[in-house]
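Work through the following exercises with the sequence and the model open side by side. Each task is followed by a solution in steps.

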Amino acid sequence: MSRMEAAILEIIAAIKAGERALDAAWLDKLVRRHNRAAHDANRRVAKRRLLPYYLGVKRSDPQRWATWEVDAATEEALLRLLKMKPRRTASGVATITVITKPWPCSSDCLYCPNDVRMPKSYLSNEPACQRAERNYFDPYLQVYSRLTALSEMGHVTDKVELIVLGGTWGDYPEEYQTWFVTELFRALNDFGAPAIEGDGPERRDARYRACGATYDKETIAQRTEACQRAVSAGELTYNQAIRELNARAESRDIATWQTATLADLKREHQKNEDAAHRVVGLCIETRPDLIDEGRLRAMRLLGCTKVQMGIQSLDQATLQANRRNVTVEQISHAFSLLRLYGYKIQIHMMVNLLGMTPDADRADYLRLVRDERFLPDEIKLYPCCLVESSRLRAYYERGEWQPYAEDVLVDVLVDDVLATPAYVRISRMIRDISTTDIVAGNKKTNLRQMVEQKVAKSGRPVQEIREREVSLANVDPMSLHMDCVTYHTAVSEERFLQWVTEDNRIAGFCRLSLPLDRGEAMIREVHVYGRVARIHATERGGAQHTGLGKQLVEEACAQARDMGYDAINVISSVGTRNYYRALGFADGDLYQRRVLDEQN
Ligand code: SF4
């Protein structure tokens with residue numbers, strides 16, 4: 001019997017015995033007692049996992065659950081005891097990452113993993129990938145199961161940011177794209193609803209199984225084994241293997257119903273405006289050469305607000321050496337279009353690619369954050385690692401590529417952090433790859449912490465957003481003041497309005513874009529850190545207080561008006577449309593818009 005099961009059985013017995021003092025302190029003691037002899041960290045009892053564990057057994061192993069003999073009254077008491085107070089994430093927004101199905105990619109970069117169970121560049125060991133595989137890569141089931149898990153862990157999920165990852169979005173058929181996003185919204189609208197129209201999670205699961213699909217890891221491994229072996233031996237490319245797997249009867253049957261119309265999507269969007277789980281951000285991952293006006297319009301109609309774009313390097317020779325079929329010119333064009341269309345721009349950049357040196361990496365990063373053609377809003381900064389299935393392996397074995405030594409890598413990243421301007425957030429420094437999949441390269445999961453410690457030791461000021469984000473403990477919301485950082489890009493003047501404390505900690509911000517062609521101004525992002533927003537609301541009191549977010553929007557409108565713009569747009573998310581309507585914005589085709597005159 002596992003420790004978790006033993007703990008649950010003891011709790012059930014205590015409830016049945018009518019013990020009186022069954023509260024959080026009693027539960028803490030019980031957990032400590034069960035962990036005393038546990039040397040293996042993975043086998044320890046975690047208080048927050050008791051409820052998901054109980055519900056998981058009840059759902060997936062009803063026979064075992066029946067042996068626990070839990071009657072209705074005991075279960076009610078058990079749920080009451082195990083349910084922790086609802087928690088919000090620091091930003092006040094729950095993030096749900098979903099993965100698209102395995103699909104050929106129109107590039108074939110050297111360092112990119114070739115796991116045929118996954119969309120290109122992902123590995124089946126990554127947490128979000130495991131979830132996706134357990135749910136047949138179905139968007140509805142992925143969201144539904146994540147919402148279930150988050151709720152069971154006591155998280156508040158009324159505001160959700162959806163992140164769509166996997167291969168390259170632009171390579172998927174348009175009807176699959178529309179279906180995928182429609183189903184994301186449908187899951188959020190259905191979750192917790194008393195009655196679900198159409199396919200709920202159980203019927204959907206049965207539908208996949210009826211087509212011959214499985215979520216059993218062993219069976220999936222067996223079914224894909226021959227293809228994976230052929231890819232690893234260089235007899236098949238990843239794309240050829242995926243085409244072969246997707247041509248199998250079960251995949252073809254499933255693909256026939258993975259389609260939706262824009263009318264279906266619109267219906268789910270409208271429901272989501274007032275749903276209990278609203279989408280406050282939708283991020284889609286793609287590649288710069290697959291960004292054009294048509295695609296950006298299409299993504300906007302889906303409700304996309306942020307684009308994650310793989311750059312990896314701004315050095316043409318390095319892009320070529322790593323077999324990335326993208327030019328620096330295409331990257332710069334993509335930046336300009338994304339900005340003019342109002343998207344938040346998150347990019348991936350890699351250090352230690354084939355052909356780079358530490359100094360060349362530093363210079364590349366400076367180009368990214370100083371050259372007017374680029375200047376992203378958010379960066380995922382990944383050191384290149386060798387994973388077993390990538391073509392980089394041959395270069396490693398010939399001694400043509402080597403990972404940097406740890407101290408060299410940390411020094412490069414320290415310099416990158418210090419060079420990052422005030423309007424940029426470095427969201428990540430490592431990928432969620434399991435260390436067992438890494439043949440060579442950084443395996444330290446606390447790499448960012450190591451970098452931060454060295455940055456702190458340097459005593460040099462840090463402008464980067466994530467390092468400056470306030471926490472509940474050290475901010476007095478009444479002491480905030482608004483500051484404006486102005487910078488220029490190839491197509492716009494950008495104003496980064498930020499709420500900061502006296503020591504330059506950041507509590508919220510707004511990205512205002514003023515296009516040089518004198519069209520209409522654009523608000524690309526408004527973000528107030530959830531905890532600050534709540535304290536601010538509490539301390540100022542209901543009716544009179546003006547929210548920090550609203551003040552940012554009003555300031556952006558005032559600045560745009562002063563600069564001679566007649567109207568301002570906001571790239572709102574489906575779940576924030578009501579908020580902007582209340583601020584005087586009217587619905588448009590792609591954006592919400594406010595006319596700027598003397599009164600507005
Ligand atoms: S474009 Fe992205 S997914 Fe495609 S091969 Fe390159 S890194 Fe992999």
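**Exercise 1.** In which helix is Leu147 found? Then describe the surroundings of Leu147.

Solution. The model is a predicted one: local features need pLDDT of at least 70, side-chain atom pairs count only at pLDDT 80 or more, and totals for chains, interfaces and linings use all residues. Residues are numbered from 1 along each chain as its sequence is written.

Step 1. Leu147 is found in helix 7. Helices (H or I, at least four residues) and strands (E, at least two) are DSSP runs, numbered from the N terminus.

Step 2. Leu147 counts as buried because 21 other C-beta atoms lie within 10 Å. The classes are buried for 20 or more other C-beta atoms within 10 Å of the residue's own, exposed for 12 or fewer, and partly exposed in between, with C-beta atoms placed from the backbone.

Step 3. Not counting residues up to four places away in sequence, Leu147 touches Thr157, Phe191 and His277. Two residues are in contact if their C-beta atoms, placed from the backbone, lie within 7 Å.

Step 4. Ile96 is 51 residues from Leu147 along the chain, and their C-alpha atoms are separated by 8.1 Å.

**Exercise 2.** Where does the chain go after helix 7, and is His155 buried or partly exposed?

Solution. Step 1. His155 sits in the loop between helix 7 (139–152) and strand 2 (159–165).

Step 2. With 15 other C-beta atoms within 10 Å, His155 is partly exposed.

Step 3. The C-alpha atoms of His155 and Gly92 are 9.8 Å apart, with the two positions 63 residues apart along the chain.

**Exercise 3.** Describe the chain as a whole.

Solution. Step 1. The chain holds 24 helices and 16 strands.

Step 2. A compact globule of 600 residues would have a radius of gyration near 25 Å, and the chain has 25 Å, which agrees. The radius is taken over C-alpha atoms, and the globule rule is 2.2 Å times the number of residues to the power 0.38.

Step 3. The C-alpha trace spans about 75 × 70 × 55 Å along its principal axes.

Step 4. Of the 600 residues, 40% count as buried. Among contacts between residues at least 6 apart in sequence, 73% join residues at least 24 apart.

**Exercise 4.** Which residues of the largest nonpolar core touch the most other members? Follow one of them into its helix.

Solution. Step 1. A nonpolar core is a set of buried Ala, Val, Leu, Ile, Met, Phe, Trp, Tyr and Cys residues joined through C-beta atoms within 7 Å. The largest has 132 residues, of which Val143, Leu162, Leu184, Leu188, Cys510, Ile523 and Ala556 touch the most other members. Helix 8 (residues 174–190) gives the largest share of this core, seven residues.

Step 2. Ala556 touches Leu497, Cys510, Leu512, Ile523 and Ile568, not counting residues up to four places away in sequence.

Step 3. Ala556 is one of the buried residues of helix 23, together with Leu548, Leu552, Val553, Cys557 and Ala560.

Step 4. Helix 23 (residues 548–562) has 15 residues and reaches 21 Å from its first C-alpha to its last, close to the 21 Å expected at 1.5 Å a residue. The expected span is 1.5 Å times one less than the number of residues.

Step 5. Gly564, just after helix 23, takes a positive phi of about 90 degrees.

**Exercise 5.** Which residues lie around the ligand?

Solution. Step 1. The residues are Cys105, Ser107, Asp108, Cys109, Cys112, Lys120, Ser121, Gly167, Thr168, Arg287 and Gly310. A residue is near a molecule if its C-beta atom, placed from the backbone, lies within 6 Å of it.

Step 2. This shell has three nonpolar, five polar and three charged residues. Ala, Val, Leu, Ile, Met, Phe, Trp, Tyr, Cys and Pro count as nonpolar, Asp, Glu, Lys and Arg as charged, and the others, Gly among them, as polar.

Step 3. Cys105 is also in contact with Asn239, as is Pro104, leaving aside neighbours of Asn239 within four places in sequence. Asn239 lies in helix 11 (residues 238–246) and is partly exposed, with 17 other C-beta atoms within 10 Å.

**Exercise 6.** Is Asn352 buried or exposed?

Solution. Step 1. Asn352 lies in the loop between strand 5 (344–351) and helix 17 (358–370), and its phi is near 70 degrees, a positive value in a residue other than glycine.

Step 2. Asn352 counts as buried because it has 22 C-beta neighbours inside 10 Å.
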